[in-house]
Amino acid sequence: MSKRYKVAVIKGDGVGPEVIEEAKKVLDAAAYSFRFTIDYYDYLMGGVAVDRVGVPLPDETLCGCLDADAILFGAVGGGKWDSLEHNFRPEHGLLKLRKSLDVFANLRPIFVYNELADASTLKTEVISGVDIMVVRELTGGIYFGEPRAKEEDKAYNTMIYSREEIHRIAKIAFETALKRKKKVCSVDKANVLEVSRFWREEVIRVAQEYPDVALTHMYVDNAAMQLIKNPKQFDVILTGNLFGDILSDEASMLCGSIGLLPSASIGHKVSLYEPIHGSAPDIAKQGIVNPIAAIASASMMLRYSLQQEEAANAIDKAINKVLKDGYRTRDIASFGAKSLCTTDDMGTLIANIVSRHEKE
Ligand code: NAD
């Protein structure tokens, strides 16, 4: 009997619904070719949830996500909700979801599609062949640390990490490195922050369990420079929540557009898959958003949560083929475009290749 999976879908705000539509189109094509079934369950989160039910993360959404085999997520946020108090902001819904699901490990592959090597603002020889996995701690650090407050004349947040939090994310980084080039660079600010010195000590402790993996340390300011100067030196970058947020967005520009890169947020119970970009309200509802990051996130979902490796490979190959054939959405249009396409065209082109897969 063919396998059947339950996927919770959160489209969110801005371009979220548009990119999720295309990701589902491609997933359906993969399900057809590789003979499995995905049942989708839609849930509200973000600004759309604030508007409809008054909170950014309704209980029903959290329960539905906990009950699913995996979660596919678009993006949340937008100017309309920016002036709301912290707990009612769309982004708070996402942080609360990640924390409640305990998806503590954010994996962000940073790679350059050959056909887009000249899409980067950096020289082709610097970026072609870049293949980095950023392993970012996602449910701790300064985004969640207490105390936090905004008062009349001051405001503060707290960067805090427990030994257990560092231990489990470090293990994911070392395990990931074992399947790659066996190098981990741990990024911190140990010259200034006690929390970083503690981070470093614990990472060194975990490294002893992985004698085949080479561990180096780098201060975050230097890492920001090195990513631009010589990105090929990196294999796995291990870092905390705040530094990982900033570095992975910086690294994403190596590949030319934020609209290209996926991410997986891995937990012990269930995992969440999302493009690394936000809700891009400036381009929403115009049919021009690049859906490749969301489609590649769906591919990560097949690989990591649904154990459909072959289907995931077929999607990755189809993305490469479409780019090789010169199809481009507007964000990457100036790089070798033979044909400018809409969001919907891009999803359909990739889905068509995936659904023809078995006949090739
Ligand atoms: P953003 O990633 O939404 O957009 C940054 C720039 O990149 C914009 O010019 C946008 O048009 C462009 N862009 C983004 N995705 C694209 C795509 N797929 N194709 C083509 N171009 C794309 O970041 P922002 O503008 O800083 O944030 C907008 C809103 O999104 C804010 O409310 C922010 O809080 C929220 N946000 C949400 C998430 C999330 O849901 N995970 C992440 C980041 C930002």
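**Close-up 1. Helix 10 is largely enclosed by the rest of the structure, because eleven of its 13 residues are buried.** This is a predicted model, in which local features need pLDDT of at least 70, side-chain atom pairs count only at pLDDT 80 or more, and totals for chains, interfaces and linings use all residues. Residues are numbered from 1 along each chain as its sequence is written, and side-chain values use heavy atoms, with hydrogens and water left out. Helix 10 covers residues 292–304. Helices are DSSP runs of H or I with at least four residues, strands are runs of E with at least two, and both are numbered from the N terminus. Buried means under 20% relative accessible area, exposed means over 50%, and partly exposed lies in between (1.4 Å probe, protein chains only). The buried residues of helix 10 include Ile292, Ile295, Met300, Met301 and Leu302. Ser297 and Ser299 are buried there too, as are Ala293, Ala294, Ala296 and Ala298. The end C-alpha atoms of helix 10 are 18 Å apart, in agreement with the 18 Å that its 13 residues should span at 1.5 Å a residue. The expected span is 1.5 Å times one less than the number of residues.

**Close-up 2. Ala280 and Gln307 each have a positive phi without being glycine.** Most residues other than glycine have a negative phi, and most peptide bonds are trans. Phi of Ala280 is near 35°. Ala280 sits in the loop between strand 12 (272–275) and helix 10. Its relative accessible area is 22%, so Ala280 is partly exposed. Gln307 has a phi of about 55°. Gln307 belongs to the loop between helix 10 and helix 11 (309–324). Gln307 is exposed, at 58% relative accessible area.

**Close-up 3. The peptide bond from Glu146 to Pro147 is cis.** Omega is near 5° for this bond. Pro147 is in the loop between strand 5 (131–137) and strand 6 (149–150).

**Close-up 4. Asp235 and Arg180 form a salt bridge that links distant parts of the chain.** Side chains of opposite charge can pair when their charged atoms come close. A salt bridge here is a side-chain nitrogen of Lys or Arg within 4 Å of a carboxyl oxygen of Asp or Glu. The structure holds 24 of them. In this pair, the closest N and O atoms are 2.8 Å apart. The two residues are 55 residues apart. Asp235 lies in the loop between helix 8 (220–229) and strand 10 (236–239), Arg180 in the loop between helix 6 (163–178) and strand 8 (183–188). Asp235 is buried at 2% relative accessibility, whereas Arg180 is partly exposed at 23%.

**Close-up 5. A salt bridge joins Arg205 and Glu202 within helix 7.** The N to O distance is 3.0 Å. The partners are three residues apart in helix 7 (residues 194–207), so about one helical turn separates them. Arg205 is partly exposed, with a relative accessible area of 42%. Glu202 is buried, with a value of 2%. Elsewhere, salt bridges that share partners join Glu22, Lys25 and Asp344 into one network.

**Close-up 6. Glu91 and Arg89 meet through their side chains in a salt bridge.** The distance is 3.5 Å, N to O. Glu91 is partly exposed, with a relative accessible area of 30%. Arg89 is also partly exposed; its relative accessibility is 24%.

**Close-up 7. Val53, Val55, Leu84 and Phe88 form a nonpolar surface patch.** Together they offer about 290 Å² of accessible area. Areas come from the Shrake-Rupley method with a 1.4 Å probe, and for residues only the protein chains shown count as cover. Patch residues have over 30% relative accessible area and no salt bridge; like charges are joined within 9 Å, nonpolar side chains (Val, Leu, Ile, Met, Phe, Trp, Tyr) within 5 Å. Leu84 is in the loop between strand 3 (70–75) and helix 4 (90–101). At 31% relative accessibility, Leu84 is partly exposed.

**Close-up 8. Cys63 and Cys65 form no bond, because their sulfurs are too far apart.** A disulfide is a pair of cysteine sulfur atoms within 2.5 Å. By this rule, the count is zero. The closest cysteine sulfur to that of Cys63 is in Cys65, 9.3 Å away. Cys63 is exposed at 51% relative accessible area. Cys341 is in no disulfide either; its nearest cysteine sulfur, that of Cys255, is 17 Å away. Cys341 is buried, with a relative accessible area of 8%.
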